[in-house]
Amino acid sequence: MKTFAILLTETVLAGAVMTFQPNCQAIVYDAALDFSLNSNPNGVWSYGYSDTLGSTFVLDDLNAQESSGLYTWRNASQEPNGPNFAYNPTASPIIIDDTATGGTDHMVWAPYQLSLGPGSGFQYSVLRFTPPESGEYQVQGAFSSVDQYYGAKTDVHILVNGTSFFDGLVWGTDSVVSFDQPLQLNVGDVLDFAVGPFGGNWGWDTTGLSATITPVPEPSTIGLFAAGLLLVYRVRSKQSDS
Ligand SMILES: [Ca+2]
């Protein structure tokens with residue numbers, strides 16, 4: 001027969017687990033793996049552009065599956081050579097290389113890689129994340145060059161509500177600009193990843209972006225869960241002692 005202590009422990013633990021569950025489902029918002037060719041906005045993600053850094057966000061409205069195999073989003077009003085998104089939906093690299101015929105493009109999308117390209121009018125390509133609930137999030141990832149000939153030379157940014165809190169430069173083929181930081185976001189906020197052409201040249205500027213956004217469990221929830229585990233441990237220890 002279960003003792004009162006064991007029943008109490010099981011009740012507390014069940015409560016702790018139930019409370020912990022919502023944040024325990026390993027929710028990770030992944031900009032690349034979540035990519036959709038069919039929907040914009042796509043859940044928490046939106047594909048668009050702005051004329052200048054932090055200015056009005058405009059949704060892309062033109063999707064395509066390119067002959068290369070890339071999935072792309074653009075805005076019809078900005079074509080040709082407007083800001084764009086490209087995604088490799090396959091498990092193999094997608095390569096666009098015209099150097100053998102005298103060209104200067106040697107672009108390599110790794111499997112499941114997402115890229116943002118600024119426009120010829122120096123528009124910013126902007127990936128927007130809209131938090132589904134208020135709380136702390138861990139924002140991790142990197143910007144890098146897709147072009148392997150000259151390499152991208154782009155200014156990259158992360159903004160909350162139009163104000164940048166992270167700025168960097170992707171500068172050439174091997175350049176990687178990483179980020180990893182906690183961020184408090186509330187419902188109604190918008191988090192933007194923006195890629196601009198830096199200076200006067202937008203050629204070869206396609207820039208890879210890996211970005212994951214992970215909700216951070218609240219300390220009180222972790223504490224309750226830990227308390228439940230500790231209580232079980234103590235009761236079990238007592239049982240084995242007796
Ligand atoms: Ca450039």
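**View 1. Asp-180 sits in strand 14.** This is a predicted model, in which local features need pLDDT of at least 70, side-chain atom pairs count only at pLDDT 80 or more, and totals for chains, interfaces and linings use all residues. Residues are numbered from 1 along each chain as its sequence is written. Helices (H or I, at least four residues) and strands (E, at least two) are DSSP runs, numbered from the N terminus. Asp-180 counts as exposed because 10 other C-beta atoms lie within 10 Å. For this label, C-beta atoms are placed from the backbone: a residue is buried if 20 or more other C-beta atoms lie within 10 Å of its own, exposed if 12 or fewer, and partly exposed in between. Look across to Gln-138 as well: Asp-180 and Gln-138 are 42 residues apart in sequence, yet their C-alpha atoms are 7.0 Å apart in space.

**View 2. Strand 11 pairs with strand 14 and with strand 16.** Two strands pair if DSSP finds at least two bridges between them. Strand 11 (residues 135-145) and strand 14 (residues 176-185) run antiparallel and are joined by 10 bridges. Along this pairing, Ser-144 has Val-176 in strand 14 as its bridge partner. Nine bridges join strand 11 to strand 16, again in the antiparallel sense. Here Ser-145 stands opposite Thr-207 of strand 16.

**View 3. Six strands form an open antiparallel sheet.** Follow the order 3-2-10-15-12-13 from strand to strand. Strand 3 (58-59) and strand 13 (163-171) are the edge strands, each pairing on one side only. Within the sheet, strand 10 (residues 124-129) and strand 15 pair in the antiparallel sense over five bridges. Ser-125 and Val-195 of strand 15 are bridge partners. As background, strands of a sheet pair through backbone hydrogen bonds, either parallel or antiparallel.

**View 4. Asp-205 is a buried residue in a loop.** The loop lies between strand 15 (191-196) and strand 16 (207-215). Asp-205 is classed as buried because it has 27 C-beta neighbours inside 10 Å. Two residues are in contact if their C-beta atoms, placed from the backbone, lie within 7 Å. Leaving aside neighbours within four places in sequence, the contacts of Asp-205 are Gly-117, Pro-118, Ala-152, Lys-153, Thr-154 and Pro-197. Val-170 is 35 residues from Asp-205 in sequence, with a C-alpha to C-alpha distance of 9.0 Å.

**View 5. Leu-209 belongs to the largest nonpolar core.** A nonpolar core is a set of buried Ala, Val, Leu, Ile, Met, Phe, Trp, Tyr and Cys residues joined through C-beta atoms within 7 Å. This one has 39 residues, and those with the most contacts inside it are Ala-31, Phe-85, Tyr-87, Leu-114, Leu-127 and Leu-209. Beyond four places in sequence, Leu-209 is in contact with residues including Ala-31, Leu-114, Leu-127, Phe-143 and Phe-193.

**View 6. Strand 5 has an antiparallel partner in strand 4 and another in strand 6.** Strand 4 (residues 62-65) and strand 5 (residues 71-74) pair over four bridges, and Ala-64 stands opposite Thr-72. Their hairpin has five residues between the strands, and Gly-69 takes a positive phi near 105 degrees. Strand 5 and strand 6 (residues 84-87) also pair over four bridges, with Arg-74 opposite Asn-84. In the loop between strand 5 and strand 6 you will find Pro-80; the peptide bond from Glu-79 to Pro-80 is cis, with omega near 0 degrees.

**View 7. Three more loops show backbone details to look for.** Pro-41 lies in the loop between strand 1 (29-30) and strand 2 (45-50), and the peptide bond from Asn-40 to Pro-41 is cis, with omega near 5 degrees. Asn-161, in the loop between strand 12 (153-160) and strand 13, has a positive phi of about 50 degrees although it is not a glycine. Asn-161 is exposed, with 12 other C-beta atoms within 10 Å. Phe-198, in the loop between strand 15 and strand 16, likewise is not a glycine but has a positive phi of about 50 degrees. Phe-198 is partly exposed, with 18 other C-beta atoms within 10 Å.

**View 8. Residues 11-23 have pLDDT under 50.** pLDDT is the predictor's confidence in each residue, from 0 to 100. The protein averages a pLDDT of 89, and 80% of the residues score at least 70. Where pLDDT is low, the predicted coordinates should not be read in detail.
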